[in-house]
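Q: Got a model I'd like to walk through. Can you take me around it, with cut-offs as we go?
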Amino acid sequence: AACGKIAVEPNLFRTFGGSDASSFSKHGIVSLVIANAMFNVHSCSEYTVAAEMAKAAEAVQYMMLGAE
């Protein structure tokens, strides 16, 4: 519901252990990775776009407060 509120199509896929969620999972904690647009990942010139960060923050806000 939160993704619909910000006009984003959710894309679910395995990360193969590349996030903190893997460590949580080892301890039985279910978690969700919320990613935004990343460019030149894992390089010295890695960056994202502020508008994408704002959209991710808005999605988290809807999830925390309800997407009504």
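A: Sure, helix spans to begin with. The expected span of a helix is 1.5 Å times one less than its number of residues. Helices (H or I, at least four residues) and strands (E, at least two) are DSSP runs, numbered from the N terminus.

Q: What kind of model is this, and how are residues numbered?
A: It is a predicted model: local features need pLDDT of at least 70, side-chain atom pairs count only at pLDDT 80 or more, and totals for chains, interfaces and linings use all residues. Numbering runs from 1 along each chain as its sequence is written, and side-chain values use heavy atoms, with hydrogens and water left out.

Q: What should α3 span, and how far apart are its end C-alpha atoms?
A: Helix α3 covers residues 50–65, which is 16 residues, so it should span 22 Å. Its end C-alpha atoms are 22 Å apart, which agrees.

Q: What comes just after α3?
A: G66, with a positive phi of about 100 degrees.

Q: New topic. How many aromatic pairs are there?
A: The structure holds 1. F39 and Y47 form the pair, at 5.0 Å centre to centre and 20 degrees between the planes, and it is stacked. Rings of Phe, Tyr and Trp (its six-membered ring) pair if their centres lie within 6.5 Å; planes under 30 degrees apart count as stacked, over 60 as edge-to-face and the rest as tilted.

Q: Is F39 buried or exposed?
A: Partly exposed, because its relative accessible area is 33%. Y47 is partly exposed too, at 44%. Buried means under 20% relative accessible area, exposed over 50%, partly exposed in between (1.4 Å probe, protein chains only).

Q: Where does F39 lie, and what does it touch?
A: F39 lies in the loop between α2 and α3. Not counting residues up to four places away in sequence, F39 touches S45, E46, Y47, T48 and V49. Contact means heavy atoms within 4.5 Å.

Q: How far is F39 from V49 by C-alpha?
A: 8.9 Å, with the two 10 residues apart along the chain.

Q: And N36, buried or exposed?
A: N36 counts as buried, because its relative accessibility is 18%. N36 lies in the loop between α2 (20–26) and α3.

Q: Which residues is N36 in contact with?
A: T48, E52, M53 and A56, leaving aside neighbours within four places in sequence. The side chains of N36 and T48 are also joined by a polar contact of 2.6 Å. A polar contact is a pair of N or O atoms within 3.5 Å; within protein, one must be able to donate a hydrogen and the other to accept it, and residues adjacent in sequence count only if both atoms are side-chain atoms.
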